[in-house]
Amino acid sequence: MIKPTVAMTRVVNSCVLLELDGHAVLTDPWFTERWWLRRGEPLGLRVRDLPPLTAVVVTNLATNHWDLRALRHFPAKDTTPLYVPTRGMARRARALGFRRAERLTWGRTLDLAPGLSMTVVPSGRTLVWPNNAYVFTTAGGRVVFFGGEAGEVAPLERYRADLALLPVNGLRPLFGPRLVMGPEQAVAGASALGAEVLVPVHDAHGHDPLSRLFRTGGTASDAVALAGPELRVVDLPTGKRWELDASA
């Protein structure tokens with residue numbers, strides 16, 4: 001019998017390999033840089049390093065959350081479910097060989113595997129496109145909230161989680177509103193969820209042509225400094241595996 005555990009390895013940005021009671025879920029796949037879009041941090045895993053996946057989940061269609069170039073090279077595309085927020089993304093995934101690509105709307109709950117369920121929840125909009133967040137519940141009773149591009153605290157107040165993965169770099173256009181949470185919002189969001197632990201994602205921001213149009217507003221280190229005694233913030237380097245049950 002597999003020991004109930006929740007573990008993760010941060011790949012880059014909001015791309016995380018989640019291990020949920022023995023089931024591997026990949027979030028917001030991003031493995032290949034572009035000349036105009038750089039990581040700003042080391043790549044933690046390569047596509048060929050991934051274990052067999054129970055599912056791939058995507059929050060939005062930005063390239064650093066939805067890497068079509070890398071998705072072409074995924075093994076087992078024909079059997080791995082891939083969940084996205086728009087019909088167009090599902091069509092493009094199926095064209096790449098993901099026969100089980102599916103658009104999921106807010107409020108949908110489904111069983112990813114025996115003892116592992118997922119609910120799709122609101123996360124607002126990123127610029128002009130829809131943006132999903134995902135709540136995973138394991139047979140061991142752990143609840144994980146993944147908001148790879150979450151922008152506001154209010155939508156989180158109706159949910160509860162033991163572990164929250166939320167953005168911290170507060171990315172915003174030079175002229176325009178903030179697109180994702182900064183450290184203050186991430187800490188407040190994790191507290192609203194009642195989470196024991198916050199793992200910051202969407203942290204680094206590369207120096208590239210696109211970065212000249214945006215600015216950041218915080219880091220994971222800032223979230224560590226802001227958190228109170230009831231919230232543990234794990235500043236997780238890319239490529240390092242961390243286990244919740246062993247650390248809680």
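**Figure 1. Glu41 and Arg10 are both buried, and their side chains pair up in a salt bridge.** This close-up, like the others here, comes from a predicted model. The N to O distance is 2.9 Å. Glu41 sits in the loop between strand 3 (23-27) and strand 4 (55-57), while Arg10 belongs to strand 1 (residues 6-12), so this pair ties together parts that are 31 residues apart in sequence. As a bit of background, side chains of opposite charge can pair when their charged atoms come close. Searching the whole structure turns up ten salt bridges.

**Figure 2. Arg142 and Glu196 link two loops through a salt bridge.** Here the N to O distance is 3.3 Å. Arg142 comes from the loop between strand 9 (129-138) and strand 10 (143-146), and Glu196 from the loop between helix 3 (183-192) and strand 13 (197-201); the pair therefore ties together parts that are 54 residues apart in sequence. Buried or exposed: which label does Arg142 get? With 18% relative accessibility, Arg142 counts as buried, because the cut-off for that label is under 20%. Glu196 is partly exposed, at a relative accessible area of 33%. Elsewhere, Glu19, Arg241 and Glu243 are joined into one network by salt bridges that share partners.

**Figure 3. Asp49 and Arg46 make a salt bridge with both residues partly exposed.** Their closest N and O atoms are 3.1 Å apart. The relative accessible area is 33% for Asp49 and 41% for Arg46.

**Figure 4. Seven strands line up in an open, mixed sheet.** Reading across, the strand order is 6-5-4-3-2-1-16. Which strands sit at the edges? Strand 6 (101-103) and strand 16 (241-243) do, each of them pairing on one side only. From one strand to the next, the twist averages 20°. Zooming in on one pairing, strand 1 and strand 2 (residues 15-20) run antiparallel and are joined by six bridges. Val6 has Leu20 in strand 2 as its bridge partner. Helix 2 (residues 87-95) packs on the sheet and touches strand 5 (82-84) as well as strand 6. The direction of helix 2 makes about 175° with that of strand 6.

**Figure 5. Leu163 is one of the best-connected members of the largest nonpolar core.** This core has 29 residues, and Phe136, Leu163 and Leu165 touch the most other members. Leaving aside residues up to four places away in sequence, the contacts of Leu163 include Val6, Met8, Val143, Val144 and Phe145. Further along the chain, Leu163 also touches Ala195, Val197, Val199, Trp242 and Leu244. A separate, second core holds 27 residues, among them Leu17, Leu37, Phe74 and Leu82. More broadly, nonpolar side chains in soluble globular proteins tend to be buried together.

**Figure 6. Helix 3 has a buried set of residues and a glycine following its end.** The buried residues in helix 3 include Pro183, Ala186, Val187, Gly189, Ala190 and Ala192. What lies over these buried residues? Their cover includes strand 11 (163-167), strand 13 and helix 4 (220-226). After helix 3 comes Gly194, which has a positive phi near 75°.

Definitions and conventions:
Residues numbered from 1 in each chain as written. Predicted model: local features only at pLDDT ≥ 70, side-chain atom pairs only at ≥ 80, totals over all residues. Heavy atoms only, no water. Core = buried A, V, L, I, M, F, W, Y, C linked by side-chain atoms within 4.5 Å. Buried < 20%, exposed > 50% of the residue type's maximum accessible area, 1.4 Å probe, protein only. Contact = heavy atoms within 4.5 Å. Salt bridge = Lys/Arg side-chain N within 4 Å of Asp/Glu carboxyl O. Helix = DSSP H or I, 4+ residues; strand = E, 2+ residues; numbered from the N terminus. Pairing = 2+ DSSP bridges. Axes fitted to C-alpha atoms, helices over the stretch in contact; angles between N-to-C directions.
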